Each structure stands twice: as structure tokens, then as C-alpha cells.
Amino acid sequence: MILLDRVTKVYNRKSTALDRISLHVEPKEFVIVVGQSGSGKTTLLRLLTREEKPTSGKIVIGGVDYDKLKDKDIPLLRRKIGVVFQDFKLLPNKNVFENVAFALEIVGMGNREIRHTVPRVLDIVNLKGKEKNMPFELSGGERQRVAIARAIVRQPKILIADEPTGNLDPKHAWDVIRVLEKINHYGTTVLLTTHNQEIVNRLKRRVITIEGGRVASDRANASYGNL
Amino acid sequence: MKRFNTFRRIIRTGLLNFVRNAWLAVAAIAVMVVTLTIVLFSIVANATFSNTIAQINDKINISVYLKDTVTEKQRVDLMNHLKTLPNVKDVSYVSKTDALSQYRADNANNQSLLQAISETGNPLPASVRIDPVDTSKIQDIKSFLDEPQNKALQDPQAGTSYSGDRKAAIDKITHATDILQRVGVASVAVFAFISMLIIFNTIQMAIFNRRDELTIMRLLGATTWYIRGPFVVESVLYGIIAALASIAIVDAVFITAASALQASSLGLLDIAYANNYFHQEFWRLLGLQLAVGVLIGALSSVIATRRYLKFKTSK
């Protein structure tokens with residue numbers, strides 16, 4: 001589903017963000033990427049969504065070779081990948097329903113279908129009854145779940161979540177993780193980055209550790225202790 | 001269906017943004033009105049001057065007065081020859097009798113002149129009238145007439161009439177119109193450019209206000225035209241409004257001018273003709289204005305959004 005082959009990203013001569021990273025993620029896998037700030041995690045995710053181009057190396061996602069990807073096809077690629085951003089990236093002047101509906105409007109879905117689909121997704125992320133709320137009226141965890149709802153509403157094959165629990169207290173953090181597990185259970189490949197030791201330990205999933213732009217370890221059923 | 005939904009949303013967002021940016025839009029529309037009004041005035045003025053020049057040109061002709069001894073065959077040969085010259089539009093013959101009756105008609109009120117002419121028989125020479133295609137290039141006709149075998153046919157006393165005095169005036173008019181046309185084209189270009197710049201600015205401000213939204217749209221997989229479309233709709237609307245406004249302004253100017261001046265022309269500018277032309281060609285002019293307005297609007301918004309919609313290409 002996700003294949004990286006010796007991918008290197010250099011922003012300028014002094015700093016190499018990623019240094020010959022190779023990864024392979026199977027369909028329906030749940031993968032956690034850990035690493036300190038500045039280790040290259042976010043760069044990795046930005047390469048996957050084609051916000052950045054690799055300096056060298058090969059990226060293939062869902063059968064799409066990024067080297068052969070034309071600019072005009074980037075939107076189509078992004079529609080297949082759901083992304084939950086670290087800073088949510090909700091639209092401040094749209095309410096919860098509209099924020100989620102936005103993702104569907106972009107792909108040309110009809111209003112009736114949108115009215116039918118959005119509540120079901122809000123139900124999955126436990127936000128029923130908050131449809132009319134504006135983002136500033138929501139807690140951090142709620143906002144994060146709106147972002148998740150928006151990322152999954154198009155039923156992407158891949159969900160990328162960049163520190164979705166970063167700003168949340170433990171209870172809300174677990175709410176978010178439960179949602180991700182649920183989505184993974186329905187068949188979506190999930191790529192999660194986090195700092196949270198407890199989450200890593202309790203999830204018992206494949207953990208990829210990145211240090212200084214390289215894969216330091218890649219283990220199944222890993223916990224923070226045996227990194 | 002998907003395409004229709006998208007199309008509908010683009011239009012809707014464009015209209016919504018137009019209403020939201022109403023004050024921002026005023027500047028863009030105002031400068032576009034100026035541009036389009038100049039375009040319109042140039043077109044009408046151009047048509048009017050062309051008409052005036054054409055009218056005057058029609059009155060310019062060359063009359064060659066023939067000796068009474070010229071035979072029918074010589075005259076026909078001369079006329080046929082003249083017709084082969086590239087700058088000759090028409091050649092006609094005015095016989096002695098025609099000339100006399102014309103003279104009588106012209107001087108019907110002057111008994112002494114009429115009397116004088118009837119006493120001397122018919123002193124008026126027959127003539128050949130030449131209508132040139134281009135009055136500014138009658139030199140070749142003149143040199144043809146000056147060739148000895150042709151000169152021999154002409155009445156030495158009557159000389160050749162070239163409407164010479166009028167020609168000089170016409171040259172001046174033509175020259176002035178040329179300059180006016182150039183000034184018109186130049187000012188249209190300058191104002192079109194300025195209005196494009198202002199529309200750029202307006203759109204860029206609108207984009208700046210909504211840049212977060214655009215970034216998010218991009219990340220969620222919105223196509224270029226889904227993002228750009230509303231801006232194009234918005235600025236095309238500026239163009240349409242400006243086109244209607246400029247037509248209305250010019251219309252109002254003609255109505256006021258016609259009633260206030262109480263005259264059908266101002267020097268060379270034949271207001272009656274201009275007014276007539278404007279109303280006869282109203283729909284075509286309106287169409288042209290709309291086309292120019294829409295083009296300026298669409299072009300400038302497409303260019304203004306370009307750099308915000310580029311994908312990263314650096315490695």
C-alpha cells in the first residue's frame with residue numbers, strides 16, 4: 001500500500017530531513033511512526049501527501065508512482081488519502097457539519113448525499129449533536145475528531161494522522177485513538193505519528209522509529225521500552 | 001452529475017465572494033468602466049470620422065475638359081484607358097449638352113448669365129469625370145493625363161480640375177484621424193492594463209483573506225479549477241457590470257449631447273451620425289463590451305491565482 005525506496009529529502013545543504021528511508025506498509029496495517037521533534041516524521045508525511053517532492057528515491061502509494069504523477073493528478077491522489085493534521089486545519093468560519101461536508105463538496109458529491117453521509121461519520125467520531133457548533137466552541141479533542149471525520153468521510157484507503165493526540169489530555173487522546181482503531185478495523189491503512197509513550201505501549205502495533213532522518217528500528221508489537 | 005454539482009458550487013461561491021468583497025470590487029469595476037468607456041468612445045468616434053472622410057472623399061473627383069475637336073473614338077479610348085488604371089473607381093462622360101443643362105440648372109436664378117450663354121451657342125466643353133479610389137494617391141492619374149497624347153485631347157483653356165484645395169484639407173483630416181485612432185488604441189491599451197492590475201490586486205487581496213481556506217482545499221484534493229473558478233466568476237462579473245455601466249454612460253452622453261447642443265455636429269464630429277451609429281449597432285457594441293470586460297476579468301483572475309495554485313516542484 002505504501003512503498004518508500006531509499007527516499008532522501010534535503011531542504012538545504014546543511015540539513016538532511018530524510019536520509020535514504022525505505023519502508024513498506026501492507027494494506028490494512030496500523031503503523032505507528034515515532035521519533036523526536038525534528039527527526040523527519042512530518043517531512044515523511046508531507047512526502048506522502050505530495051506537499052513535498054523527494055530529493056531522490058522512489059515513492060509508490062496505492063499503485064501510484066510519484067515520479068510519474070502529473071501535477072493535475074495530485075488532487076486525485078489526495079482524495080484517496082485521508083490526512084489528519086497536527087494543527088487540525090479546520091475552516092474557522094464553517095461549522096462542524098460544513099467542515100466535514102467541505103471534503104465531499106470538493107469531489108462533487110450532491111447535497112442530498114452529503115446530508116446523508118456526514119451525520120453517519122460524525123456518529124463514528126462521537127460528535128452527534130455538535131453539527132451546528134463552530135470550531136472555536138469545541139474542545140481540542142472535539143476539534144481533532146472533526147478533523148478525523150473530515151479525513152475519513154471519503155472512505156480513503158489510507159489515513160495519515162500526524163500527532164493527532166499531541167494537544168490532548170489522556171482521556172481525549174484515547175477517544176481519538178479508539179476512532180483510529182475503528183477505522184483501521186473497517187479496512188483503512190493507518191499511519192500514525194505520536195510522541196505518546198503510553199499510546200505506543202498499549203496499542204501493541206508495528207512501530208517505526210525515525211532518528212536523524214533514518215529508520216532506527218522497525219518492529220511489530222513494539223512498545224516504547226524496547227525501542 | 002458530479003460535474004454539475006461542482007459547476008454549481010463554483011458559480012455559487014463566486015457570487016457569494018462577489019457580495020462579500022463588494023467594496024473591494026468597486027475599485028476594480030470603476031477602472032474597468034473607464035477602460036470600456038474609452039473603448040466604446042474610440043469605436044464610435046472612429047466610425048464617425050471614417051464616415052465623414054468617406055463623405056468628403058466622395059466629393060473629390062477629377063474633371064478633364066476635352067477639346068471640341070476630340071472624336072467619339074478618341075474619347076472612348078481615353079475613358080477605357082483610364083478605367084484600366086488601378087486607382088480609378090469610376091469614369092463618366094459629361095457631354096457638351098449635359099454640361100449646358102447642368103449650367104442652366106445651377107444658374108436658374110441668374111438671368112444675365114443664362115442669356116450670355118444662349119447668345120454664344122454652347123461654349124462649355126465636354127468633360128470626363130474620374131472618381132479615384134484613393135484621393136491621396138491621384139498622382140498616377142495625373143501623370144497619365146499629362147502624357148502628351150492625352151494632353152493633346154484636353155482643352156488648354158479649361159485646365160484640369162483636381163479639387164486640389166479640398167484635397168489638402170482632406171489630407172489634414174485623414175492625418176488627424178490617424179493620430180486620433182492611435183491615441184485611442186494606446187489609451188485603450190493603457191487603461192486595459194491598469195484595470196487588469198487593479199483586478200489582480202483585488203483578487204489577490206481576496207485570496208490573501210482566504211489563503212488558509214485555499215491551502216486546506218488544496219490539501220483535501222480540490223482541483224485547480226474548483227479553487228480558481230469562483231475568482232474567475234467574481235471578476236467576470238466585474239466585467240459584465242462594467243460593460244453595462246459603460247454602455248449606459250455613453251448612451252446618456254449621447255442623449256444629453258443631442259438635446260443640449262441643439263446641433264448635429266461639433267466641427268468634424270458628426271454627432272447625429274455618431275448617435276445614429278451607436279443606436280443602430282447597440283447590440284453589437286454591447287456584445288463587444290461584454291466580451292472585452294469578460295476577457296479582461298477572466299484573464300486577470302486566472303493570472304492572479306496562478307502562483308497560489310502551483311504545486312511544489314523543487315526537490
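Two strands are taken to pair if DSSP finds at least two bridges between them. Helices (H or I, at least four residues) and strands (E, at least two) are themselves DSSP runs, numbered from the N terminus. By that yardstick, strand 1 (residues 62-65) of chain B runs antiparallel to strand 3 (residues 127-132) of chain B, and 4 bridges join them. Here B:Ser63 sits opposite B:Arg129 of strand 3. Strand 3 of chain B also pairs with strand 2 (residues 88-94) of chain B, again in the antiparallel sense, over 6 bridges; on this side B:Tyr93 stands opposite B:Val128.

A word on the ground rules: this is a predicted model, in which local features need pLDDT of at least 70 and side-chain atom pairs count only at pLDDT 80 or more, while totals for chains, interfaces and linings use all residues. Residues are numbered from 1 along each chain as its sequence is written, and chains are lettered from A and ligands numbered from 1 in the order in which they are written.

Chain B splits into domain 1 (2-56 + 170-306) and domain 2 (61-162), with bounds that come from an automatic or database domain assignment. The centres of domain 1 and domain 2 of chain B, taken over C-alpha atoms, are 53 Å apart.

Turning to chain A, the secondary structure adds up to 7 helices and 10 strands. The radius of gyration of chain A is 17 Å, close to the 17 Å that the globule rule gives for 227 residues, so chain A is as compact as a globular protein of that length. (The radius is taken over C-alpha atoms, and the rule is 2.2 Å times the number of residues to the power 0.38.) Along its principal axes, the C-alpha trace of chain A spans about 45 × 40 × 30 Å. Of the 227 residues in chain A, 45% are buried; a residue is buried if 20 or more other C-beta atoms lie within 10 Å of its own, exposed if 12 or fewer, and partly exposed in between, with C-beta atoms placed from the backbone. Contacts are called when two such C-beta atoms, placed from the backbone, lie within 7 Å. Among contacts in chain A between residues at least 6 apart in sequence, 68% join residues at least 24 apart.

One sheet of chain A is open and has 4 strands in the order 2-1-4-5, with antiparallel pairing. Strand 2 (16-25) and strand 5 (64-65) stand at the edges with a single partner strand each, so one side of each has no neighbour in the sheet. Strand 1 (residues 2-10) and strand 2 of chain A are joined by 6 bridges, and A:Leu4 has A:Leu23 as its bridge partner. Elsewhere, strand 6 (81-84) of chain A is covered on both faces, with A:Ile81 and A:Val83 buried on one side and A:Gly82 and A:Val84 on the other. Strand 6 pairs in the parallel sense with strand 7 (residues 158-162) of chain A over 4 bridges, A:Ile81 being matched with A:Ile158.

Helix 3 of chain A is mostly covered, with 10 of its 11 residues buried. Among them are A:Phe97, A:Val100, A:Phe102 and A:Leu104, as well as A:Asn99 and A:Glu105. After helix 3 comes A:Gly108, with a positive phi near 85 degrees. The largest nonpolar core (buried Ala, Val, Leu, Ile, Met, Phe, Trp, Tyr and Cys residues joined through C-beta atoms within 7 Å) has 73 residues, and A:Val100 is one of those that touch the most other members. Helix 3 of chain A gives this core its largest share, 8 residues. Leaving out residues up to four places away in sequence, A:Val100 touches A:Val118, A:Val121, A:Leu122, A:Val146, A:Ala149, A:Arg150 and A:Val153. Another core, of 34 residues, lies apart and includes B:Ala25 and B:Phe231.

Two loop residues of chain A have unusual backbones to check by eye. A:Arg50 is not a glycine, yet has a positive phi of about 60 degrees; A:Arg50 lies between helix 1 (41-48) and strand 4 (56-61) of chain A, and counts as buried because it has 22 C-beta neighbours inside 10 Å. A:Lys89, also not a glycine, has a positive phi near 55 degrees. A:Lys89 lies in the loop between strand 6 and helix 3 of chain A and, with 17 C-beta neighbours inside 10 Å, counts as partly exposed.

Finally, 21 residues of chain A are in contact with 20 residues of chain B. On the chain A side, helix 2 (74-80) and helix 3 (96-106) are the elements that give two or more residues, and helix 2 provides the largest share, 5 residues. By class, that side has 9 nonpolar, 4 polar and 8 charged residues, where Ala, Val, Leu, Ile, Met, Phe, Trp, Tyr, Cys and Pro count as nonpolar, Asp, Glu, Lys and Arg as charged, and the others, Gly among them, as polar.
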